[in-house]
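Grab a pencil and work through these exercises one at a time. Try each task yourself before you read its solution.

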Amino acid sequence: MEIENVDRNELLQLTEEQMADVARFCNKYPNIEMSFEVKEKESLHSGSPVNVLVSLEREDELVEPVVAPFFPQKRKEGWWVVIGDNKSNSLLSIRRLTLQQKAKVKLDFVAPSPGHYNYTIFFMSDAYMGCDQEYKFSIDVKERDSESESDSD
């Protein structure tokens with residue numbers, strides 16, 4: 001999308017009509033910035049909730065239907081935010097959303113047994129290939145403090 005016109009024309013060798021289709025698609029291709037924060041990361045205990053706040057911001061001003069000339073009707077883009085564990089091949093939390101300009105999504109799951117865990121946040125489009133994003137993060141889960149030891153007295 002950022003290649004010089006002369007180089008692009010020489011490389012692609014498309015007709016003007018085909019190049020107009022490519023330009024139309026490129027102009028509508030979503031550019032979305034994602035950031036996230038694991039809330040109360042330092043105080044996670046086995047069985048406690050793990051809350052991950054994901055912030056999304058679209059750099060484009062307009063959200064138009066997806067460029068999908070072979071799809072039978074107008075198609076709106078949809079997005080999935082998923083937290084997964086690659087090591088165990090498991091899904092921990094998932095949310096589907098329609099993104100206009102900005103969105104905040106809270107994903108949560110229950111902290112596992114004590115230990116160090118590596119997870120991945122996947123941000124995926126159900127309409128566009130190549131714009132999916134992955135972010136790795138880790139948590140350290142501590143042993144749950146005993147509520148009270150006076151029960152045995």
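Strands here are DSSP runs of E with at least two residues, and they are numbered from the N terminus. One more thing before you start: this is a predicted model.

**Exercise 1. Place phenylalanine 36.**
Find which strand phenylalanine 36 lies in, work out whether it is buried, partly exposed or exposed, and list what it touches.

*Solution.*
- Step 1: Look up the element. Phenylalanine 36 sits in strand 1.
- Step 2: Check the accessibility. Buried means under 20% and exposed means over 50%, with partly exposed in between. Phenylalanine 36 has 28% relative accessibility, so it counts as partly exposed.
- Step 3: Look for partners further along the chain. Setting aside residues up to four places away in sequence, phenylalanine 36 touches Val52, Leu53, Val54, Ile121, Tyr135, Lys136 and Phe137.
- Step 4: Compare sequence and space. Phenylalanine 36 and serine 55 are 19 residues apart in sequence, yet their C-alpha atoms are 6.0 Å apart.

**Exercise 2. Read the pattern of strand 2.**
Which side chains of strand 2 point to the buried face, and which point to the other? Then find the strands that pair with strand 2.

*Solution.*
- Step 1: Sort the side chains. Val50, Val52, Val54, Leu56 and Arg58 point to one face and are buried. Pro49, Asn51, Leu53, Ser55 and Glu57 point to the other face and are not buried.
- Step 2: Take one pairing. Strand 1 and strand 2 are antiparallel and share seven bridges; here glutamate 37 has leucine 53 as its bridge partner.
- Step 3: Take the other pairing. Strand 2 and strand 5 are also antiparallel, with nine bridges, and proline 49 stands opposite valine 110.

**Exercise 3. Map the core.**
Which residues of the largest nonpolar core touch the most other members, and which elements give two or more residues to this core?

*Solution.*
- Step 1: Start with the members. The core has 29 residues, and Val52, Val54, Leu56 and Ile139 touch the most other members.
- Step 2: Add the elements. Strands 1, 2, 3, 5, 6 and 7 each give two or more residues to this core.
- Step 3: Zoom in on one member. Leaving out neighbours within four places in sequence, the contacts of leucine 56 include Ile32, Met34, Val81, Leu97, Leu99, Ala103 and Phe123.

**Exercise 4. Follow a hairpin.**
How many residues lie between strand 3 and strand 4 in their hairpin?

*Solution.*
- Step 1: Check the pairing. Strand 3 and strand 4 run antiparallel and are joined by seven bridges. In this pair, valine 81 stands opposite arginine 95.
- Step 2: Look at the turn. There are four residues between the two strands, and asparagine 89 in the turn has a positive phi of about 55°.

**Exercise 5. Spot unusual phi values.**
Where do you find glutamine 13 and glutamate 40, and are they buried or exposed?

*Solution.*
- Step 1: Recall the background. Most residues other than glycine have a negative phi.
- Step 2: Take glutamine 13. Its phi is positive, about 50°, although it is not a glycine. Glutamine 13 lies in the loop between helix 1 and helix 2, and with a relative accessible area of 66% it is exposed.
- Step 3: Take glutamate 40. Its phi is positive too, near 50°. Glutamate 40 is in the loop between strand 1 and strand 2, and at 63% relative accessibility it counts as exposed.

**Exercise 6. Examine a loop tyrosine.**
Is tyrosine 128 buried or exposed, and what is it in contact with?

*Solution.*
- Step 1: Locate tyrosine 128: the loop between strand 6 and strand 7.
- Step 2: Read the accessibility. Tyrosine 128 has 4%, so it counts as buried.
- Step 3: List contacts beyond four places in sequence. For tyrosine 128 these are Phe25, Lys28, Tyr29, Pro30, Val66, Val67 and Glu77.
- Step 4: Pick one of them. Tyrosine 128 and proline 30 are 98 residues apart in sequence and 8.4 Å apart, C-alpha to C-alpha.

**Exercise 7. Describe two pockets.**
What are the volumes of the largest pocket and the second largest pocket, and what classes of residue line them?

*Solution.*
- Step 1: Take the largest pocket. Its volume is about 210 Å³, and its lining has eight nonpolar, one polar and one charged residues. Helix 2 gives the largest share, five residues.
- Step 2: Take the second largest pocket. It holds about 160 Å³ of space, and its lining has two nonpolar, four polar and three charged residues. Strand 6 gives the most to this lining, with five residues.

Technical notes: Residues are numbered from 1 along each chain as its sequence is written. This is a predicted model: local features need pLDDT of at least 70, side-chain atom pairs count only at pLDDT 80 or more; totals for chains, interfaces and linings use all residues. Side-chain values use heavy atoms; hydrogens and water are left out. A nonpolar core is a set of buried Ala, Val, Leu, Ile, Met, Phe, Trp, Tyr and Cys residues joined through side-chain atoms within 4.5 Å. Buried means under 20% relative accessible area, exposed over 50%, partly exposed in between (1.4 Å probe, protein chains only). Contact means heavy atoms within 4.5 Å. Two strands pair if DSSP finds at least two bridges between them. On a 1 Å grid over the protein atoms alone, a cavity is a set of points where a 1.4 Å probe fits but cannot get out, and a pocket is an open set with protein on both sides within 12 Å along at least five of seven lines; lining residues have an atom within 4 Å of a point. Grid points are joined across faces, edges and corners, and a volume is the space filled by probe spheres set on the points. Ala, Val, Leu, Ile, Met, Phe, Trp, Tyr, Cys and Pro count as nonpolar, Asp, Glu, Lys and Arg as charged, and the others, Gly among them, as polar.
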